[in-house]
Amino acid sequence: MHSYTLLAAAKINLYLEIVGDRADGFHELAMIMQSVNLCDRITIEPSDTDSIRVTCNHPDVPNNSSNLAYRAADLMRSQFPDTFAKYGGVNITIDKSIPVAAGLAGGSSNAAAVLVGMDLLWNLGLTQGECERLGAQLGSDIPFCVRGGTALATGRGEKLSPLPDLEDLYVVLAKYESIAISTGWAYQTYRQTYEAEYIRDPESIVAYGKKVHSGKIVQAIAHHNYSTIAAELRNDFEKIVLPEHPRLQTLKEEFLQAGALGTLMSGSGSTIFAIAQSQDKADAIKSHVETTLNSPDLNLWVARFAPAGIRVI
Ligand SMILES: C[C@@](CO)(OP(=O)(O)O)[C@H](O)COP(=O)(O)OP(=O)(O)OC[C@H]1O[C@@H](n2ccc(N)nc2=O)[C@H](O)[C@@H]1O
Ligand SMILES: Nc1ncnc2c1ncn2[C@@H]1O[C@H](COP(=O)(O)OP(=O)(O)O)[C@@H](O)[C@H]1O
């Protein structure tokens, strides 16, 4: 049995509307998710022991059973006990490039890679849909990370509808090392501030269809209309995160000064991204912001919109 190495892509949210309450305590969402080619490298090897071991080279990522990659392997063990008994344990190595607690779904993409990689290692022949459904048991963003590309995500984020690829766009990602935002905190704080505006009857999906405002950006994506995509970027979490962290608002202003097509916070933050129509333009925006903000705490990356979430290499 040989080992597998996979690239697990980060995601950004081009649109994130918090619609209301769900009976399970989660929030009902309308999001547009986009894979970008800033990737972690995941290696999955058969082990001599009957245990799951995870090693990651990032100090903020746990090397134990709370790692989402471990939890994905553990789910495969419980779903396929006979296969596990036949093949034994696995060693998983995570080489991190995606910043942690950044709103880029690094942990979710690692878990997605483990589901796909263990399917290959154990020769299970699962479909992408089956991997997505397994992923949904572990986290709301994992089904998208399995599928990748450009997608509309509803429900708690796990219901996916494909959208046309936007492969000719580039993104500059910017993250202050000292600003890490927990997803739980963001949802809780949003609820405390905006609960009065929530839709209270999440039973009817038709009712949501009437209230959700993602139609314009979906149309713009379908027509590759970049200026409208930029104008329709939306993330409801900005309303609670930007006032708390004014440096992120300044970052957005600098991105626009530098000629970005559009700029937004990703997920629950704290990454701010800017969109550009060429690699040269993205490089120039990155240099401008590096020079004007001149902070050793600020890290920047240029990446390209990607058509897939997980790639076996
Ligand atoms: C905000 C988003 C946007 O893409 O991404 P990140 O900022 O984490 O990257 C996601 O909704 C994060 O999804 P994910 O990180 O998979 O969340 P989960 O593990 O399922 O849930 C973490 C916690 O977030 C809250 N949560 C999550 C999803 C949702 N639709 N409603 C919620 O209220 C719940 O409090 C839950 O306990
Ligand atoms: N494989 C993993 N990679 C990154 N973070 C992980 C992983 N497993 C567990 N975590 C924990 O999940 C938290 C959220 O991390 P991450 O997925 O990078 O961010 P986000 O939810 O903002 O997209 C971190 O605080 C980290 O300790």
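Here are two short exercises on the ligand sites of this predicted model.

**Exercise 1.** Work out what surrounds ligand 1 and which polar atoms lie by its own nitrogen and oxygen atoms.

*Step 1: find the shell.* Counting residues with a heavy atom within 4 Å, you should get 20 around ligand 1, the closest being His 27, Ser 140, Thr 183, Tyr 187 and Ser 268.

*Step 2: sort by class.* The shell of ligand 1 splits into nine polar, eight nonpolar and three charged residues.

*Step 3: look for polar pairs.* Tyr 187 places a polar side-chain atom 2.6 Å from an oxygen atom of ligand 1. Asn 13 also uses a polar side-chain atom, 3.1 Å from an oxygen atom of the ligand. With Arg 156, a backbone N or O atom lies 3.0 Å from a nitrogen atom of ligand 1.

*Step 4: check the cover.* Ligand 1 alone exposes 710 Å², and the protein buries 80% of that.

**Exercise 2.** Which helix gives the most residues to the shell around ligand 2, and which backbone atoms contact this ligand?

*Step 1: list the neighbours.* Ligand 2 has 18 surrounding residues, among them Asn 67, Leu 68 and Ala 105.

*Step 2: pick the helix.* Helix H3, residues 106-121, gives the most, with three residues.

*Step 3: follow the backbone.* A polar backbone atom of Ala 105 is 2.7 Å from an oxygen atom of ligand 2. For Leu 68, the partner is a nitrogen atom of the ligand, at 2.9 Å. Asp 60 brings a backbone N or O atom to 3.2 Å from a ligand oxygen atom.

*Step 4: check the cover.* Of the 540 Å² that ligand 2 exposes alone, the protein buries 78%.

Conventions: Residues are numbered from 1 along each chain as its sequence is written. Chains are lettered from A and ligands numbered from 1 in the order in which they are written. This is a predicted model: local features need pLDDT of at least 70, side-chain atom pairs count only at pLDDT 80 or more; totals for chains, interfaces and linings use all residues. Side-chain values use heavy atoms; hydrogens and water are left out. A residue is near a molecule or strand if one of its heavy atoms lies within 4 Å of it. A polar contact is a pair of N or O atoms within 3.5 Å; within protein, one must be able to donate a hydrogen and the other to accept it, and residues adjacent in sequence count only if both atoms are side-chain atoms. Accessible areas come from the Shrake-Rupley method with a 1.4 Å probe; for residues, only the protein chains shown count as cover. Helices (H or I, at least four residues) and strands (E, at least two) are DSSP runs, numbered from the N terminus. Ala, Val, Leu, Ile, Met, Phe, Trp, Tyr, Cys and Pro count as nonpolar, Asp, Glu, Lys and Arg as charged, and the others, Gly among them, as polar.
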